[in-house]
Amino acid sequence: MISRLLGLLPGWLARLAVLTILGFVVMAVFAPLIAPWDPSATDLFRRLQPPAWMPDGGWDYPLGCDALGRDILSRIIYGARVSIFTGIVVVSLATLVGVVAGLAAGYIRGPVDAAISFLVDVLLGFPYLIFAVGLMAMMGPGIANLVLALAYKEWIVPCRVVRGETLAARETEYVEAARALGASSATIMGREILPNILSPVIVVATVRIAQVIILEASLSFLGLGVQPPTPSWGSMVADGRAFILDAWWVSTFPGLAILLLVLAINVASQAVRDALDPHFHD
Amino acid sequence: MKPILLLQRLLHLIPVLFGVTVIVFLMMSLTPGDPAEIMLANQNASPEAVVSLRHDMGLDRTLSARFVSFATNAMVGDFGVSLFHRRPVAAVIAERLPATIELSIAALLLALLVAIPLGVVAAVHRGGVVDRLATVGALFGVSLPGFWFGILLLIGFAVQLRWLPVSGAIDFASQPPHVTGFLIIDSVISLRLDSLANTLAHLLLPAVTLGLPMAAILMRVTRASMLDVLRQDYIVFAEAKGLTRRRILALHALKNALLPTVTVAAIETGSLLGGNMVVETVFGWPGLGRLVVESIFVRNYPLVQAAVLLYAVTYVLVNFLADLLYTVLNPRVRM
Amino acid sequence: MRLKRLVIAAFAAAGLQLAEAQPAELRIGFTLDPLTLDPANHRSRETESVLRTMYNGLVAHDPAMKLVPEVIEGWSWIDPQTMDVKVRQGVTFHSGEPMTADDVVYTFTRILTDGAIGGQTSPRKSLLGPTKSVLRVDAATVRFLLSDPWPVLPAMLTFQEVVSKSFAEKAGAAGMATQENGTGPFKLVQWRRGDSLVLERFPAYFGGAPAIAEAGKACIDRVVIKIIPENASRVAALLAGDVDIVNELPAHDIRSVEANRNTKVMAVNGTRTFFVALNNTRKPFDDVRVRRAANHALNRQLIIDKLLNGRAERLNGVMSPAAFGFNPSLTEYTYDVKTAKALLTEAGYANGIDVTLDADGPQKETAEAIAALLTQAGIRTKVAVGEGSQVRAKWAPTSKREGDMWITSWGNGSLDPTDIFEPTLQTDGRGNSAFYSNTELDGLLAAGRRETDTAKRAALYQQAQAIVNRDAPWIFLWLPQDLYGVSARLTGWAPAASGWLNLRDACVQ
């Protein structure tokens, strides 16, 4: 039955995706309990040790070791924290700001709309990565600044969606009715419009979490982001880049982690979208 | 479409450009780090040398003086001198621009060539094999981190298999005579098949890495809008009239279905320009993206300012073109 | 059908061209694109390396890094503030004009005069130190006038190249940046920005510094310098046979390059001293015992073996073994955790100390390794990675001096102590990030600067090194080798510590 509801994506796939996401979240939350080793424990004698199934590898370090002899599996487990934290915080922040801005722009219109739309247009003119790199250069490295740098452009996405939906919604009967009854703008925006536009907002947000995780990895890859020794999947790929020719595992496994998590989020959000799509059952 | 509205849209560009310039200027000036010091770093230079270099770079003027100077010069096309190359910024950017444009367009074309047919087939034979594969493929496409994927492609195809070159835009021996600066165009104009083949070989991996996420998005958009269109009343009506499915598709459905594809393609072109940087670095592609991020790191203000302005103009113009295309494809839409 | 065959043939031809190289062509995989072709208008080591294939200077280095005259026959000091050079005859520019004393005068005047390069001042002016002006004495002699004695002037002349007066005046600043007209063994055929440079042999080359013997008949007609900034791509290009020389070979790739039948590694002792500056003005490193403890706590050889593949030399001081006045009998701070802990306890830190090690991106890995080793000895170190300019600003002598440790380096391309000792260890030296101050040392350095007797000068510097070794203002680290990967078919080429490409005798069989 679920597979009929979710249509194209077989139910088992969507369930698998959700399980994967939960798995990563659990991994992130309980990292100290799950990780076999301390992610910052360096041991130069284990430098670039291959994964367990290759010669010179060992099952105590199943995915091998990085350039400083740290266990890659443990670093991937801890790295989930950075990715998930960044994804959730950036999108939450952006959605909060974006929804408020979008509502204001779409409902109040006039100079408020003009100002917000102008800001959106200007920010859109900047390529994402370049803007983020510029901001990070301005603010310095670190996860807090990374979150801010990403959020500064991210709020545009929910803002545009919300503005569009609000523009449509303000002409509907229930809003007219509320206005006739003398409700204030704020009440209308909050009580009448907001609940009805939440659905697309949530869908967009879930998709954006996936994209933000990739963006964080890209910025960490460029050297901007978390400070050592905190592991981040993106910086792990970057660190392993120098050894890609003969110690491919250092970059490959963190990259796979990114792929897996992002894929799971995308599959899950696709399933959610398909379920919410009124046309789906035709 | 009324020309007045056209003009209005173009005029809207100006305050946006101004806003972009102000923001870039503010960001650069609030960024700690001094280009003169960076240029002389690790070169055992004396503090006096740094001071005199700063003066030479014009950085000891006040912020507002620099902004006014930049803005007024920019309006006549003079974007100042690159602090590191010590040559006019416009020349430095112009040298690297064709490579980036070629890569972006190649990625865009690749994406469209893959996405549109796949999206159409997937929609028409909904639930079939192609549809399932395409959807899964699309999910992978948007989930792959580009920097990681690019490196893997490089190692696989260029190093292990040696099918494709490792880096650069073209081998010296295969260079076509310089006409436009665009290798593909020059190769075709001078009828040099070997140049064309060599360029395409160099272009393939970076274009695939850059274009894959875009192809994924465009395929889904095309599929969704195609599904939408196929459900429309006028399609059903045409079917009832007895037109063959093929003709229906070709005449009515496709044109309308492509509208969202065009719009999204325009928006995503913006991300193409920004995504260039990582791909250009991994594949050693001599383009602008890599230059811009390097310039941010060394605080080469004039170049960053000019490049960002260029990106903004390109983005707005491309969106504008997309809107134009929109009206051409669907005359029912009023501007 | 015919068209199909044509297409296949074209692709096949292209494929062949992808794989083969012309026999008389040398291909180099180089890290960075030159910023400009104007030798006077940049401050980039890579740009200088590339330009030195097309331009000559008054002096050059021989393979042993000894100073030899190039387009001059020699130099002589008239007095400590006046030096004459004798211009060599028979040197020609690529355009065909002969090089004269006027070109030499013009080259240096252009560098020394403010605003002489299209309104810009040459950023290489400071490399000429107290040079006031350069004059023509006669058709074969040029005179350098200094405002202060400066015995290292000849060594510093290696950083400048001679340009043609008539060409520079005609081309202007813009032309000089994108065209070349040097006297060097190769001339520029094409420059594809960010992608590659193509050079061709200059048949009328005067031969180069006579002191550098020619290895045989020149066999390379063409040089293609491909710009491949990405390390893995550059090494991959070497391993695939796409290039014959790569510079900046990462230490880690030594194994694959040696293992490959067609490639090998070539190395030369670098000129850049690496060290960890300790803040001598603040706790805990204001105490010499703690500083010595830090030196004992670090297993430098392990890091060299593991991270640098053994390609570095341990240092007990600031100077390179190849530099003038090197003191070979400095005491080594052996790796001894027990002694380190004992010293810490003696200084009052029985429970160890907590400190931060600042580093910029490229040093991140080394910094983390050092931090891990120090932590084992009770010096609990956290690494803070920042952008180069921000970290440098934090550690400038004019800063608030709030850091604990900074891993950094200082280059000594001239291999003369004044270039490294003074800036890094003299009181208030511009590179003195340890904020170290020792008046006895200052006296020795000042005396060494002026001493003309070579033996006496060397002795002064050796004494100075002993003082520094005793005071341990830094954690002494190492001097890494510069690593190059080359094709096994390459002959007549050896890397130079200066980073120059020295292609005159190179040959690919």
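How many residues does the contact take from chain A and from chain B? Keep that question in mind as you open the structure, which is a predicted model, and let the tour begin with chain A before the two chains are brought together.

**Stop 1: chain A by itself**

Select chain A and colour it by secondary structure, and you should find 12 helices and 0 strands. Walking from the N terminus, you therefore pass helix after helix, since the elements run α-α-α-α-α-α-α-α-α-α-α-α. Along the principal axes, the C-alpha trace of chain A spans about 75 × 50 × 30 Å.

**Stop 2: two partners of one helix in chain A**

Two packed helices are described by the angle between their axes and the distance between the axes. Keep both quantities in mind while you select α10(A), residues 185-221, and then look at two helices that pack with α10(A).

Begin with α8(A), residues 156-169, which packs with α10(A) at an angle of about 155 degrees, the axes being 10 Å apart. That angle makes α8(A) roughly antiparallel to α10(A), because angles over 145 degrees count as such. The crossing of this pair is right-handed. To see where the helices meet, show the side chains of V157(A), P158(A), V161(A), V162(A), E165(A), T166(A) and A169(A) in α8(A), and then those of I193(A), N196(A), I197(A), P200(A), V201(A), V204(A), A205(A) and R208(A) in α10(A). If you colour this contact by residue class, you will find 11 nonpolar, 2 polar and 2 charged residues.

Now move to α7(A), residues 143-154, which packs with α10(A) at an angle of about 130 degrees, with 11 Å between the axes. α7(A) and α10(A) are therefore oblique to each other, and their crossing is right-handed. On the α7(A) side the contact is made by L146(A), L150(A) and E154(A), while α10(A) brings R208(A), V212(A), L215(A), E216(A) and L219(A). Sorted by class, the contact of α7(A) with α10(A) holds 5 nonpolar, no polar and 3 charged residues. Pause at R208(A), which belongs to the contact with α8(A) and also to the contact with α7(A).

**Stop 3: where chain A touches chain B**

Bring chain B into view, and the opening question can be answered: the contact takes 36 residues from chain A and 40 residues from chain B. On the chain A side, at least two residues each are supplied by α5 (110-124), α6 (128-139), α10 (185-221), α11 (233-241) and α12 (249-276). Select α12(A) with particular care, since the largest share of this side, 9 residues, comes from that helix. The side of chain A that touches chain B divides into 25 nonpolar, 8 polar and 3 charged residues.

**Stop 4: the two domains of chain B**

Hide chain A for a moment and colour chain B in two parts, domain 1 at residues 16-74 and domain 2 at residues 98-329. Where they touch, 13 residues of domain 1 are in contact with 11 residues of domain 2. On the domain 1 side, the elements giving two or more residues are α1 (3-30) and α2 (35-39) of chain B, and α1(B) gives the most, with 7 residues. This side of domain 1 consists of 9 nonpolar, 3 polar and 1 charged residues.

**Stop 5: chain C and its contact with chain B**

Turn next to chain C, in which there are 15 helices and 21 strands. Its radius of gyration is 25 Å, close to the 23 Å that the globule rule gives for 509 residues, so chain C is as compact as a globular protein of that length. Its C-alpha atoms fill a box of roughly 85 × 70 × 40 Å along the principal axes.

With chain B shown again, you will find 46 residues of chain C in contact with 46 residues of chain B. The elements of chain C that give two or more residues to this side include α1 (2-19), β9 (196-201) and β17 (405-411), and α1(C) gives the most, with 6 residues. By class, this side of chain C has 20 nonpolar, 15 polar and 11 charged residues.

**Stop 6: two backbone details in chain C**

Finally, zoom in on the peptide bond between K283(C) and P284(C), which is cis, with omega about -10 degrees. P284(C) lies in the loop between β13 (272-278) and α8 (288-297) of chain C. Then select A472(C), which has a positive phi of about 45 degrees although it is not a glycine, and which sits in the loop between α15 (454-471) and β18 (474-476) of chain C.

Notes: Residues are numbered from 1 along each chain as its sequence is written. Chains are lettered from A and ligands numbered from 1 in the order in which they are written. This is a predicted model: local features need pLDDT of at least 70, side-chain atom pairs count only at pLDDT 80 or more; totals for chains, interfaces and linings use all residues. Two residues are in contact if their C-beta atoms, placed from the backbone, lie within 7 Å. Helices (H or I, at least four residues) and strands (E, at least two) are DSSP runs, numbered from the N terminus. Ala, Val, Leu, Ile, Met, Phe, Trp, Tyr, Cys and Pro count as nonpolar, Asp, Glu, Lys and Arg as charged, and the others, Gly among them, as polar. Axes are lines fitted to C-alpha atoms, for helices over the stretch in contact, and angles run from 0 to 180 degrees between N-to-C directions. Angles under 35 degrees count as roughly parallel, over 145 as roughly antiparallel, 65 to 115 as roughly perpendicular and the rest as oblique. A crossing is left-handed if the near helix is turned anticlockwise from the far one by less than a right angle, and right-handed if clockwise. Domain bounds come from an automatic or database domain assignment. The radius of gyration is taken over C-alpha atoms; the globule rule is 2.2 Å times the number of residues to the power 0.38.
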